[in-house]
Amino acid sequence: MQALKGIKVLDFTHVQSGPTCTQLLAWLGADVIKVERPGVGDATRGQLRDVPNADSLYFTMLNHNKRSLTLDSKNAKGKEVLEKLVKSCDILVENFAPGALDRMGLTWERIQELNPRMIYASVKGFGPGPYEECKVYENVAQCAGGSASTTGFLDGPPTVTGAQIGDSGTGLHLAFGILAALYQRTHSGKGQRVLAAMQDGVLNLCRVKLRDQQRLAHGPLREYSQFGQGIPFGEATPRAGNDSGGGQPGKILKCKGWETDPNAYTYFITQAAVWEKVCDLIGEPDWKTDPGYATPPARLDKLDAIFDRIEQWTMTKTKFEVMNLCNPLDIPVGPILSMKEIAEDMSLRETGTVVEVDHPERGKYLTVGMPVKLSDSPAEVKRSPLLGEHNEEILAEVLGYSAEDIEAIRASGAIGAMKQAAE
Ligand code: COA
């Protein structure tokens, strides 16, 4: 039995942010019905294709455990089916450009008329205000949410991060809003609107940078490397390279093999509580008592020199040796793992964090499984649906249409052709 068993989701999402959210709901046990345009489907099915004529990894890795229904929402019969879906589902999730759902005739007022218990959840680029009509993709959100201006090195341009905090991050935010609305419905009896704006989601994840913006009014940010380097601060939170961003100084340091391996690095944190162990480990026992080094405030203006010395030590070890030597001493370090190393890490396979999935068109591939583990709600990862694969069963089982009705719907052109899995 899974946490969301019995909950039906009308999944009107596409690309990354919305599908991330509904995939999480599916892993929690909801029946997620992905509604796609006949013959076209989610644009990502065909984007960044690696295997000819097969759904791309972009699509398959974001749409596990869902069922696919093709439906032309602009066809009269299609609209009828859509309204029936609204009546029988608990949650509608969408991430179209602003106004698209209204133009399909599904305004919030209409949805409430059809199903007052419906939770109507949307991802949009921006919340209400000057930019609310804009179409937004990942990096636009990273830029508008404050991430890009605070990422990268002081002497370089603003930088986007590889972590998809705008898309997948907002999908996560939306999922948490939906679950709260679902809980509230258990005693209010009513649905509600849930909005996750990508700018808001990114800013939420950049909270510490707004913290630093306000600290600037009271003096330099002493834990930033730039302070030790004597570089004055400007008016806005600067880019801080690989500085830790917290109260415990840290940096990325070279390890053995860095000359040829772009990922032979470790993150090293000189946490105050283990400073003495760090000194012993790197062969600087005098730093334990030297007043210039013994306390965290005394070290702030020489962090670069300290990390240079630690790096002389890390360069004599592989990143895994550094981990093995530091962990028993409680010194926090992290090897810089490449995606290749993550894909090959069997411990991640054992926990279900990385999962191998079989797909009728593309064969076996790796995906990231449910990132949160619930003891009473196991998530088994099942392959993504082919376009329109579940048309018949959804129309019959979920919506109760007879064989004749289904034939009429098909004849109207509302669902298009069905793609059969060659299993
Ligand atoms: N049947 C008929 N029409 C359908 C349909 C269906 N099943 N599904 C979608 N459509 C139509 C929509 O009604 C819309 O038509 P309209 O503009 O005539 O009203 C159209 O397809 C395209 O929708 P849109 O969302 O504008 O797609 P896009 O490819 O132009 O834009 C985004 C893509 C991502 C930029 C945009 O959807 C967006 O800004 N979304 C919100 C923010 C977001 O989630 N961004 C991150 C994506 S990872």
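At what angle do the axes of helix α11 and helix α13 cross? Keep that in mind while you get set up; what you have open is a predicted model.

**Stop one: the ligand**

Start by selecting the ligand and the residues around it. You should pick up 23 residues, and among these Leu71, Ala97, Arg103, Lys135 and Val136 come nearest. Colour this shell by class and you'll find ten nonpolar, six polar and seven charged residues.

Now switch on the backbone atoms and look at the ligand's nitrogens. Pick Val136: one of its polar backbone atoms lies 2.6 Å from a nitrogen atom of the ligand. Move on to Leu71, where a polar backbone atom is 2.8 Å from a ligand nitrogen. Then try Ser73, which has a polar backbone atom 3.0 Å from a nitrogen atom of the ligand. Put a surface on the ligand while you're here: on its own it has 940 Å² of accessible area, and the protein covers 84% of that.

**Stop two: α11 and α13**

Back to the opening puzzle. Select residues 275–282 for helix α11 and residues 303–314 for helix α13; their axes cross at roughly 50° and come within 9 Å. An angle between 35 and 65 degrees counts as oblique, so α11 and α13 are oblique to each other. As for handedness, this crossing is left-handed.

**Stop three: α1 and α7**

Next, select residues 17–27, which make up helix α1, along with residues 168–188, helix α7. The two pack with their axes 7 Å apart, at an angle of about 45°. That makes this pair oblique as well, α1 to α7. Look along the crossing and you'll see that α1 passes α7 in a right-handed sense.

**Stop four: α17 and α18**

Finally, go to residues 391–398 (helix α17) and residues 403–411 (helix α18). Are these two axes crossing at a left-handed or a right-handed angle? The crossing of α17 and α18 is right-handed. Their axes come within 10 Å and cross at roughly 135°. Angles over 145 degrees would count as roughly antiparallel, so with that crossing α17 and α18 are oblique to each other.

Technical notes:
Residues are numbered from 1 along each chain as its sequence is written. This is a predicted model: local features need pLDDT of at least 70, side-chain atom pairs count only at pLDDT 80 or more; totals for chains, interfaces and linings use all residues. Side-chain values use heavy atoms; hydrogens and water are left out. A residue is near a molecule or strand if one of its heavy atoms lies within 4 Å of it. A polar contact is a pair of N or O atoms within 3.5 Å; within protein, one must be able to donate a hydrogen and the other to accept it, and residues adjacent in sequence count only if both atoms are side-chain atoms. Accessible areas come from the Shrake-Rupley method with a 1.4 Å probe; for residues, only the protein chains shown count as cover. Ala, Val, Leu, Ile, Met, Phe, Trp, Tyr, Cys and Pro count as nonpolar, Asp, Glu, Lys and Arg as charged, and the others, Gly among them, as polar. Axes are lines fitted to C-alpha atoms, for helices over the stretch in contact, and angles run from 0 to 180 degrees between N-to-C directions. Helices (H or I, at least four residues) and strands (E, at least two) are DSSP runs, numbered from the N terminus. Angles under 35 degrees count as roughly parallel, over 145 as roughly antiparallel, 65 to 115 as roughly perpendicular and the rest as oblique. A crossing is left-handed if the near helix is turned anticlockwise from the far one by less than a right angle, and right-handed if clockwise.
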